[in-house]
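Okay, thanks for making time, everyone. I'll put the structure up and we can walk through it together.

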Amino acid sequence: MITGYYCTNIFSEQAKELIAFYREILDIPFIKTDDDNSNGVYLGFIENAPTLCIWDCKKCNVPPTGHQSFVFQTNNLDLTMECLKGKGISLPEAIRYDWGTYEVRLNDLDGNEIVLAEFA
């Protein structure tokens, strides 16, 4: 029987750079690693809660993961966007949706979709 959701694995050919993107650009905190700082790195916000885990597909001898869509929450999207622009990230205009989110979409180095959402 399934008892919980542990993590989302991302197998990347550029794991070290992808980890740096999530940690340094998006400021997703480091939780732990199963291997080293470039393989098996868990990123998230709460220990013992689901995380993103980035693996070097060459070290693991597996193909890269297909594209994913990750949704991250922010309390102030405009401020978050200004911070990202200050780090050199080019962003489209944010969209306010009728269902109550104000969001912007971008892609990481592997082409995974990153949705940054402010919930009304």
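Let's start at one spot: just after H1, Asp 27 takes a positive phi of about 60°. Before going on, the small print: this is a predicted model, where local features need pLDDT of at least 70, side-chain atom pairs count only at pLDDT 80 or more, and totals for chains, interfaces and linings use all residues. Residues are numbered from 1 along each chain as its sequence is written, and side-chain values use heavy atoms, with hydrogens and water left out.

Now the layout. The protein chain has three helices and eight strands; these are DSSP runs numbered from the N terminus, with helices being H or I of at least four residues and strands E of at least two. In sequence order the pattern reads β-α-β-β-β-α-β-α-β-β-β.

How about overall dimensions? The C-alpha trace spans about 40 × 40 × 25 Å along its principal axes. The radius of gyration of the protein chain is 15 Å, which agrees with the value near 14 Å for a compact globule of 120 residues. That radius is taken over C-alpha atoms, and the globule rule is 2.2 Å times the number of residues to the power 0.38.

Of the 120 residues, 38% are buried. Buried means under 20% relative accessible area, exposed over 50%, and partly exposed in between, with a 1.4 Å probe and protein chains only. As for contacts (heavy atoms within 4.5 Å), take those between residues at least 6 apart in sequence: 48% of them join residues at least 24 apart.

Back to H1, then. Which residues of H1 are buried? They are Ala 15, Leu 18, Ile 19, Phe 21, Tyr 22 and Ile 25. As a reminder, an α-helix has 3.6 residues a turn, so residues three or four places apart point the same way.

Two of those H1 residues turn up again in the aromatics: Phe 21, Tyr 22, Phe 70 and Phe 72 form one aromatic cluster. In total the structure holds six aromatic pairs. Here rings of Phe, Tyr and Trp (its six-membered ring) pair if their centres lie within 6.5 Å, and planes under 30 degrees apart count as stacked, over 60 as edge-to-face and the rest as tilted.

One of the pairs is Tyr 6 with Tyr 42: the ring centres are 6.0 Å apart and the planes sit at 75°, so this one is edge-to-face. It ties together distant parts of the chain, with Tyr 6 in the segment before strand E1 (7-12) and Tyr 42 in strand E3 (residues 39-43), 36 residues apart. Tyr 42 is buried, at a relative accessible area of 5%.

Another is Tyr 22 with Phe 70, with centres 6.4 Å apart and planes at 90°, so edge-to-face again. This pair also links distant parts of the chain: Tyr 22 is in helix H1 (residues 15-25) and Phe 70 in strand E5, 48 residues apart. Tyr 22 is buried at 0% relative accessible area, and Phe 70 is buried at 8%.

Phe 70 has a link to strand E1 too, where Thr 8 lies. Leaving aside neighbours within four places in sequence, Thr 8 is in contact with Thr 51, Leu 52, Cys 53 and Phe 70. Thr 8 is buried, with a relative accessible area of 16%.

Last stop: is Asn 75 buried or exposed? Asn 75 is exposed, at 73% relative accessible area, and is found in the loop between strand E5 (69-73) and helix H3 (77-86). And that brings us back to Asp 27, whose C-alpha is 14 Å from that of Asn 75, with their positions 48 residues apart along the chain.
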